[in-house]
Amino acid sequence: MPYRLNLDPSASGLPVLMLHGWSGDETVMWVLETVLPHPRLIAAPRGLYPLAAGGYQWADGAGGLNSSMKDFQEGVQAIRAVVDELAARDDLDPTMLVLMGFSQGAALSFALAQIGDLTPRGLISLAGFIPHGSLDRLRGIPVFWGHGNRDQLVPIGRARQDLDRLESAGGDITFCEADVGHRLGIECTRGLKRWIEQLS
């Protein structure tokens, strides 16, 4: 799987895996690099399935917001292979890894924690959603969730439903809502930076 990597062995910040949304690629998440406090490692993989109109996706099919955890199984396996490679080659400790996903990439992040035998140090959902299925393995994992109340692709109502599911499963949630569409608002960008700094 192709991925973009930035490695700084002298840095002390938590390593971050950035997972793009539907129709993105391994370059689109790097606009958020400045939010991250001196990460030792940042990796941004490319989705598995190319789209006719350009870009990539993580699940093969049109499940969208109705996707289940198992719909992301192949994406989970591919990301686990990347994490294992980074662990062997770059001394990455997977238990210190922060998963940061946008939209469908956030859904993949939740699937990685639930069915991918990966317990991250923290999980960031930006304009994201949680696939249908059990959330028992998400108990206690710190989660930052930023969402726009004018998001028309992943409506705020769906985000609130998923937050309720996550809370019921014992999730450790920090939620930021902004008056924006399908993107990260400036207030939530600031909140995300504070959250990562405290997580470190």
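The following paragraphs lead through a predicted model, from its sheet to its helices and then to two buried polar residues.

The sheet is a convenient place to begin. It is open and is formed by 7 strands in the order β1-β3-β2-β6-β7-β8-β9, with mixed pairing. The edges are taken by β1 (3-7) and β9, each of which has a single partner strand, so one side of each is left without a neighbour in the sheet. On average, and with direction ignored, neighbouring strands of this sheet are turned by 15 degrees against each other.

At one of these edges, β1 pairs with strand β3 (residues 41-45) in the antiparallel sense, over 5 bridges. Within this pairing, Y3 stands opposite P45 in β3. Helix α1 (residues 73-90) packs on the sheet, where it touches β1, β2 (16-19) and β3. The direction of α1 makes about 30 degrees with that of β1. Helix α2 packs on the sheet as well, touching β2, β6 (98-102), β7 (122-126) and β8. Its direction makes about 145 degrees with that of β6.

Strand β8 deserves a closer look. How many of its residues are buried? The count is 7 of the 7 residues, so β8 is largely enclosed by the rest of the structure. The side chains are divided between two directions: P142, F144, G146 and G148 point one way from the strand, while V143, W145 and H147 point the other way, and all are buried. The strand also has a partner on either hand. With β7, strand β8 pairs in the parallel sense over 4 bridges, and L126 stands opposite G146 of β8. With β9, the pairing of β8 is again parallel and runs over 7 bridges; here F175 in β9 is the bridge partner of W145.

The helices may now be considered in turn. Helix α2 has 12 residues, which at 1.5 Å a residue should span 16 Å; the C-alpha atoms at its ends are 16 Å apart, which agrees. This helix is mostly covered, since 11 of its 12 residues are buried. Among the buried residues are Q104, A107, L108, F110, A111 and L112. After α2 comes D117, whose phi is positive, near 55 degrees.

Helix α3 (residues 156-168) passes the same kind of check: its 13 residues should span 18 Å at 1.5 Å a residue, and its end C-alpha atoms are 18 Å apart, which agrees. Which residues of α3 are buried? They are I156, R158, A159, D162, L163 and L166. Seen down the helix axis, the buried residues of α3 fall within an arc of 150 degrees, so they line one face of the helix. A general property of helices helps to explain such a pattern. An α-helix has 3.6 residues a turn, so residues three or four places apart point the same way. The buried residues of α3 pack against α2 (104-115), β8 (142-148) and β9 (172-178). On the other side of α3, Q161 and S168 are exposed. Just after the helix, G170 takes a positive phi of about 90 degrees.

Two polar residues complete the tour. The first to be described, Q57, lies in strand β5 (residues 56-57). Is Q57 buried or exposed? Its relative accessibility is 8%, and because residues under 20% are classed as buried, Q57 counts as buried. The side chain of Q57 is joined to that of W22 by a polar contact of 3.1 Å. In addition, a polar atom of the Q57 side chain lies 3.5 Å from the backbone oxygen of A59. Not counting residues up to four places away in sequence, Q57 touches W22, G47, L48, Y49, L51 and Q104. One of these, Q104, is also among the buried residues of α2.

The other residue, S67, is placed in the loop between β5 and α1. At 4% relative accessibility, S67 counts as buried. What lies 2.7 Å from a polar atom of its side chain? It is the backbone oxygen of G64. When neighbours within four places in sequence are left aside, S67 is in contact with F72, P131 and H132.

Definitions and conventions. Residues are numbered from 1 along each chain as its sequence is written. This is a predicted model: local features need pLDDT of at least 70, side-chain atom pairs count only at pLDDT 80 or more; totals for chains, interfaces and linings use all residues. Side-chain values use heavy atoms; hydrogens and water are left out. The expected span of a helix is 1.5 Å times one less than its number of residues. Buried means under 20% relative accessible area, exposed over 50%, partly exposed in between (1.4 Å probe, protein chains only). The arc is that of the directions from the helix axis to the C-beta atoms. Contact means heavy atoms within 4.5 Å. Two strands pair if DSSP finds at least two bridges between them. Axes are lines fitted to C-alpha atoms, for helices over the stretch in contact, and angles run from 0 to 180 degrees between N-to-C directions. A polar contact is a pair of N or O atoms within 3.5 Å; within protein, one must be able to donate a hydrogen and the other to accept it, and residues adjacent in sequence count only if both atoms are side-chain atoms.
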